[in-house]
Amino acid sequence: MRMSQENNLSLAYRVAPEHGGERLDRFLAAAAANLSRTRVKSLIEAGHASIDGATATDPSYLLRAGQTAGLRLPPPAGPAPVGENIPLEIVFEDEHLIVIDKPAGLVVHPAAGHEAGTLVNALIAHCGASLSGIGGVRRPGIVHRLDKDTSGLLVAAKTDAAHHGLAKLFADHGKTLPLAREYLAFVWGTLPRPSGTIDAPLSRHATSRQKIAVVPAGRGRRALTHWRLIESFAGEASLISCRLETGRTHQIRVHMAHIGHPVLGDPVYATGFKSKTARLPPEARASLASLSRQALHAAVLGFPHPLTGVQMRFESTLPQDLRRLRDALAGARP
């Protein structure tokens with residue numbers, strides 16, 4: 001395969017003998033490493049590909065050795081959200097992806113009621129021209145999210161190829177591909193054993209559309225949470241580690257509430273446990289009152305790099321507000 005580049009948006013590839021008989025979209029996707037095959041296919045169908053200078057719109061066209069396959073990349077459209085200068089704690093960054101340690105209170109993606117001030121706005125400002133375009137739009141590729149008030153590690157794609165690889169990885173949820181996601185959670189009460197698994201399907205709540213609920217088998221999507229006890233605090237609360245085998249909305253929060261140990265500070269799923277706050281010692285009560293969020297932190301994120309295949313693993317310690325809570329609860333230990 002031989003490549004010539006007329007400018008930074010037009011590419012031309014000579015078809016070597018070993019690539020004769022290969023589909024146009026597969027050939028171009030392999031040649032243009034920063035583009036996914038899905039993106040290449042859409043570009044071909046939109047008339048941005050050529051064979052020996054003539055426009056080609058059939059992704060399944062079988063190439064012959066000696067032909068020249070061309071691809072014209074239109075400049076990525078400007079993002080709908082605008083960039084905003086929001087401070088970010090960057091754990092890792094290269095030309096393909098960026099890993100952020102998200103603070104509590106930061107919304108990940110613009111939505112109704114949160115059109116600005118989000119992580120996406122911050123990434124657009126930070127990454128700038130290094131965002132090569134996800135699906136033709138200059139924006140970061142979000143493949144997983146954290147609730148606004150959950151802190152911790154999150155990865156976003158900067159290129160179309162990285163977005164394609166990360167999306168495939170997170171859709172698999174670690175079943176056949178190597179993906180590690182672990183959360184630290186402070187929950188009410190003492191767990192009955194050192195570790196366990198919650199296998200309970202989840203779906204939208206029947207009457208409150210903002211909530212998720214455990215539903216009978218067959219009515220929702222399967223959800224599995226593996227938990228491990230780390231520390232107990234005077235029988236009133238526990239610190240646990242949760243490893244996700246699926247990635248459903250509010251999964252840890254709903255699952256822990258389902259087994260009678262909701263996450264401390266959870267304004268949605270722990271409302272029935274407010275009276276337990278009075279049983280905490282004064283320092284722990286004050287720490288929990290000042291928390292103003294669920295005590296949940298994405299502490300571990302591990303995955304193979306979508307372009308290089310190198311295994312990556314990142315760890316984030318408890319942020320200051322959760323460290324204060326842990327110290328206050330530990331002071332209540334008999």
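1. A strand, as the word is used in this note, is a DSSP run of E with at least two residues, and strands are numbered from the N terminus. In this predicted model, Val-99 belongs to strand 7, which covers residues 97-102.

2. Is Val-99 buried or exposed? Buried means under 20% relative accessible area. Val-99 has a relative accessible area of 0%, and is therefore buried.

3. The surroundings of Val-99 come from several parts of the chain. Leaving aside residues up to four places away in sequence, Val-99 touches Glu-89, Ile-90, Val-91 and Phe-92, together with Leu-153, Leu-154 and Val-155, and also Phe-303 and Phe-314. A separation of 9.3 Å is found between the C-alpha atoms of Val-99 and Leu-301, although these positions lie 202 residues apart along the chain.

4. A second site deserves attention, namely Glu-22. This residue is placed in the loop that runs between strand 2 (10-14) and helix 1 (24-31). Glu-22 is buried, yet it has no salt bridge. Which side chain of opposite charge is nearest to Glu-22? That side chain is Arg-26, at 5.7 Å; a salt bridge would require a side-chain nitrogen of Lys or Arg within 4 Å of a carboxyl oxygen of Asp or Glu.

5. Glu-22 does have polar partners. Its side chain forms a polar contact of 3.1 Å with the side chain of His-19. In addition, a polar atom of the Glu-22 side chain lies 3.4 Å from the backbone nitrogen of Phe-27. Phe-27 is also among the residues that Glu-22 touches, along with Tyr-61, Leu-62 and Leu-63, when residues up to four places away in sequence are not counted.

6. Turning to enclosed space, the model contains 2 cavities of 30 Å³ or more. The largest cavity holds about 40 Å³. Its lining consists of His-144, Leu-146, Leu-153, Arg-181, Glu-182, Tyr-183, Ala-298, Val-300 and Leu-301. Strand 10 (180-188) and strand 16 (296-304) are the elements that give two or more residues to this lining. Two of the lining residues recall the earlier points: Leu-153 is touched by Val-99, and Leu-301 has its C-alpha atom 9.3 Å from that of Val-99.

7. The largest pocket has a volume of about 1200 Å³. Among its 35 lining residues, those closest to the centre are Arg-145, Leu-146, Asp-147, Thr-249 and His-250. At least two lining residues each are supplied by helix 4 (160-172), strand 10, strand 12 (202-204) and helix 5 (251-258). Leu-146 thus appears in the lining of the largest cavity and in that of the largest pocket.

Notes. Residues are numbered from 1 along each chain as its sequence is written. This is a predicted model: local features need pLDDT of at least 70, side-chain atom pairs count only at pLDDT 80 or more; totals for chains, interfaces and linings use all residues. Side-chain values use heavy atoms; hydrogens and water are left out. Helices (H or I, at least four residues) and strands (E, at least two) are DSSP runs, numbered from the N terminus. Buried means under 20% relative accessible area, exposed over 50%, partly exposed in between (1.4 Å probe, protein chains only). Lys and Arg count as positive and Asp and Glu as negative; His and the chain ends are not counted. A polar contact is a pair of N or O atoms within 3.5 Å; within protein, one must be able to donate a hydrogen and the other to accept it, and residues adjacent in sequence count only if both atoms are side-chain atoms. Contact means heavy atoms within 4.5 Å. On a 1 Å grid over the protein atoms alone, a cavity is a set of points where a 1.4 Å probe fits but cannot get out, and a pocket is an open set with protein on both sides within 12 Å along at least five of seven lines; lining residues have an atom within 4 Å of a point. Grid points are joined across faces, edges and corners, and a volume is the space filled by probe spheres set on the points.
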